[in-house]
Amino acid sequence: MATQSFPGREVIRFRKTDDSKPAAPKNQWRHQGLLQDQIRRSAKAPWTPSLSIAFRMLVLVRMAGAMYSIISDCDETFNYWEPLHFLTHGTGFQTWEYSPLYAIRSYTYLLLHYPLPALTKALHFDKRAAFFSVRIALAFISSFIEAKFYRTVVERVNDRVGRYLLFALLGSAGMWISTTAFLPSTFAMHLTTLALSFAFIPASQAGSRRTLLATVLFAVNFFVGWPFALALALPFVVEELFVYAGDKVKREEVGWWQRQRWSRFLTAVGTAALVFIPVFLIDSLFYGKPTLVPFNIISYNLLSSTTSANLYGTSPPHFYLLNLTLNFNVLLPLAIVSLPALAVTYRYDRKRLGAITPGPDQSSPYTLLALRLAPLYIWLGIISAQAHKEERFAFPAYPLLCFNAAVTLFLVRGWIEVIYIKRTSSSYQASKTSLFRLFTLSVVMFSLVLSAQRILALGKYYHAPLDILFYFQKIELPALLERSGLLVEPVSAPSPQSAHDDQPADVDLSPLVGRGVRLCYGKEWHRFPSSYLVPEGVDIAWIKSEFNGILPAHWGKVQESESLWNREAIRTPPPDMNDENREEPSRYVNPSTCTYLIDLHFPDAPTPLPPHEPDYGSQPEWEIVHAYPFLDAARSNVATRALWVPGETWQLGNKWGEYRLLRRVGKDKI
């Protein structure tokens with residue numbers, strides 16, 4: 001069996017090829033993209049991995065991110081992990097956004113992630129397996145989409161730009177953080193990147209497939225993911241309706257051409273709008289009333305008198321500048337200057353975008369490349385103009401930032417080539433020198449090293465909230481059962497390898513159910529990662545801290561007779577819930593009812609400590625079971641807290657706290 005082959009499309013064959021047929025020319029996209037090499041044009045093309053190899057490279061990194069990256073935003077926990085846990089296990093925390101009075105979160109989006117956790121529960125796997133199965137699935141999806149985008153850039157822009165893009169995607173800390181996050185902004189990033197892998201193909205009369213696929217993907221992004229990310233489609237719409245792009249149009253054919261483009265685009269929009277139907281039906285079924293979640297989101301954020309800035313604080317104008325510098329280092333300035341760099345190239349290195357000057361019947365490659373660079377500027381402009389700023393808001397543009405940076409790097413390389421040839425008056429010498437390759441290699445490697453240091457810093461400085469729950473489940477709870485005489489035979493004995501690595505054996509924790517074990521969080525509520533990481537039988541509760549906003553509440557109980565989509569707890573407005581971030585005292589329990597407490601203590605914090613955030617570890621009612629180091633960022637050096645460098649000297653600039661698991665004295669048995 002063999003699949004039919006089309007130009008520019010990679011295929012899988014199951015039958016030996018016929019050697020009698022002429023082989024397809026290698027590097028068929030060489031010198032056909034928007035950007036052109038000007039030296040060594042007849043030489044072998046630079047190494048660019050195939051789609052399959054790029055996917056395998058990416059998935060190795062993304063899998064590592066799925067297993068070891070932190071949860072950097074409590075919105076991911078409480079608006080997505082906790083509702084998903086409620087769907088699969090019937091318990092968890094509910095935020096006001098899921099109240100049917102407001103309904104600004106979509107169950108359609110949650111259901112896309114539902115199958116794997118439901119399967120792990122049906123197979124009686126540990127809940128942790130459900131958590132990591134979702135992350136691993138996101139890793140595979142992201143890897144394919146990134147590889148697809150990279151190959152489009154190789155074929156439609158330039159092979160060197162594609163290669164720079166691939167390494168930017170592989171190594172940047174921003175992509176490490178965002179690609180496996182369970183957030184609509186990550187979903188928007190994936191869908192936008194996939195849509196642009198089609199939209200980067202120049203529009204033409206023969207490109208109806210490109211138009212339809214890109215439009216449908218942008219529509220899914222709007223209805224299922226994050227509606228505001230539709231702004232990233234604006235350059236695609238402009239090119240589709242007003243730019244010749246891949247067409248050559250005679251003056252007398254312009255009117256016909258415009259009608260054809262508009263007709264095709266409107267047909268694609270009409271088809272894409274059908275996505276609205278299942279989204280509307282699913283959300284209406286869950287909420288028990290007609291519900292348009294995307295429009296509720298828009299109405300709340302743009303039309304409501306209660307805004308995020310008023311409720312959740314504002315950030316300075318340079319917030320994203322600092323944040324993106326941490327996540328992308330030298331790639332950020334390269335990305336920001338991509339359009340000015342294109343203008344410089346137009347003035348001094350015009351052949352970089354083709355030797356032929358386009359006539360009035362066709363589009364300039366500069367116009368097409370500018371349209372591909374524009375989405376990053378549009379998105380940064382939109383989110384920077386908002387008073388309330390968060391890191392996740394920038395996620396949809398992360399791959400675009402990598403692309404813009406890759407384009408700038410290629411253009412700067414071109415400037416160096418022009419200067420070198422002008423100084424030496426020899427194109428031959430320019431074709432033999434390694435100067436240009438060393439320049440781009442040094443930039444890419446410098447960025448990769450800084451990104452690795454940032455990724456390591458995140459893991460070593462801030463991973464304690466995940467580590468402490470692993471210790472709680474694998475070490476402390478089995479010890480609690482043993483002290484109580486409730487420990488049964490281990491479900492599976494540790495293998496020699498796991499024993500060598502000091503990995504604890506899996507223990508049956510079912511005797512905990514109904515025993516009143518309660519794990520409490522105070523000021524660390526916002527770093528609680530997920531109910532998927534806390535075993536069944538452990539109640540999770542909040543105690544009062546200095547935070548005076550509204551905390552998530554426990555979902556209502558699920559009756560055995562209720563189906564997934566017909567739960568009263570979803571359809572009934574919960575009590576003591578508001579959209580004004582007003583504190584609800586009903587959320588808190590008395591600390592004396594807690595069996596365990598998660599707390600963070602900074603020894604260098606100024607005293608006296610706030611009354612609701614004491615050092616619980618020094619109080620006689622509590623004993624420290626275990627602790628992990630956690631960076632005291634506020635009192636650490638800016639450089640040493642941003643990056644991790646091996647050696648004690650670098651760490652001298654950091655101050656540390658203890659992320660503690662505390663047990664109430666007298667509750668060492670159940």
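User: In this predicted model, is Arg151 buried or exposed, and what is its relative accessible area?

Analyst: A residue counts as buried when its relative accessible area is under 20%. Arg151 meets that cut-off and is therefore buried, with a relative accessible area of 13%.

User: Which residue forms a salt bridge with Arg151, and where does that partner lie along helix H5?

Analyst: The closest N and O atoms of the pair are 3.5 Å apart, which is within the 4 Å limit for a salt bridge. Both residues belong to helix H5 and are 4 residues apart, so about one helical turn separates them. The partner is also buried, at 11% relative accessibility. The residue that pairs with Arg151 is Glu155.

User: Which residue forms a salt bridge with Glu239, and how many residues separate the two?

Analyst: The side chain of Glu239 meets that of Arg372 in a salt bridge, at 2.9 Å from N to O. This pair links distant parts of the chain, with Glu239 in helix H10 (residues 234-242) and Arg372 in helix H18 (residues 365-385). Glu239 counts as buried at 2% relative accessibility, and Arg372 is buried with a relative accessible area of 2%. The partner is Arg372, and the separation is 133 residues.

User: What is the N to O distance in the salt bridge of Arg352 and Asp349, and which residues are joined into one network by salt bridges that share partners?

Analyst: Arg352 is buried at 1% relative accessibility, and Asp349 is buried at 6%. Their side chains meet in a salt bridge with an N to O distance of 2.7 Å. Salt bridges with shared partners join into one network the residues Arg210, Glu239, Glu240, Arg264 and Arg372.

User: How many salt bridges does the model contain?

Analyst: The count rests on a side-chain nitrogen of Lys or Arg lying within 4 Å of a carboxyl oxygen of Asp or Glu. By this rule, the number of salt bridges is 27.

User: At what angle do helices H10 and H11 cross, and how are they oriented to each other?

Analyst: The axes of H10 and helix H11 (residues 254-272) come within 8 Å and cross at roughly 140 degrees. On the H10 side, the residues that meet H11 include Glu239 and Glu240, and Arg264 is among those on the H11 side. The crossing angle is roughly 140 degrees, and the two helices are therefore oblique.

User: What is the orientation of helices H15 and H19 to each other?

Analyst: Helix H15 (residues 319-328) packs with helix H19 (residues 398-424) at an angle of about 70 degrees, and their axes are 12 Å apart. Asn323, Leu324, Asn327 and Phe328 of H15 meet Tyr398, Leu401 and Cys402 of H19. Angles of 65 to 115 degrees count as roughly perpendicular, so the orientation of H15 and H19 is roughly perpendicular.

User: Which residues does Arg160 touch, apart from those up to four places away in sequence?

Analyst: Arg160 is placed in helix H6 (residues 159-171). Arg160 is buried, with a relative accessible area of 10%. Leaving out residues up to four places away in sequence, the residues touched by Arg160 are Asp37, Pro46, Phe410 and Arg413.

User: Which residues make the nonpolar surface patch, and what is its area?

Analyst: Phe125 is one of the residues of the patch and is found in the loop between helix H4 (115-122) and helix H5 (127-156). Phe125 is partly exposed at 49% relative accessible area, so Phe125 passes the cut-off of over 30% for patch residues. Leu116, Leu119, Leu123 and Phe125 together make a patch of about 370 Å².

Notes
Residues numbered from 1 in each chain as written. Predicted model: local features only at pLDDT ≥ 70, side-chain atom pairs only at ≥ 80, totals over all residues. Heavy atoms only, no water. Patch = residues over 30% accessible without salt bridge, like charges linked within 9 Å, V, L, I, M, F, W, Y side chains within 5 Å. Areas by Shrake-Rupley, 256 points an atom, 1.4 Å probe, with all protein chains shown as cover. Buried < 20%, exposed > 50% of the residue type's maximum accessible area, 1.4 Å probe, protein only. Contact = heavy atoms within 4.5 Å. Axes fitted to C-alpha atoms, helices over the stretch in contact; angles between N-to-C directions. Parallel < 35°, antiparallel > 145°, perpendicular 65-115°, else oblique.
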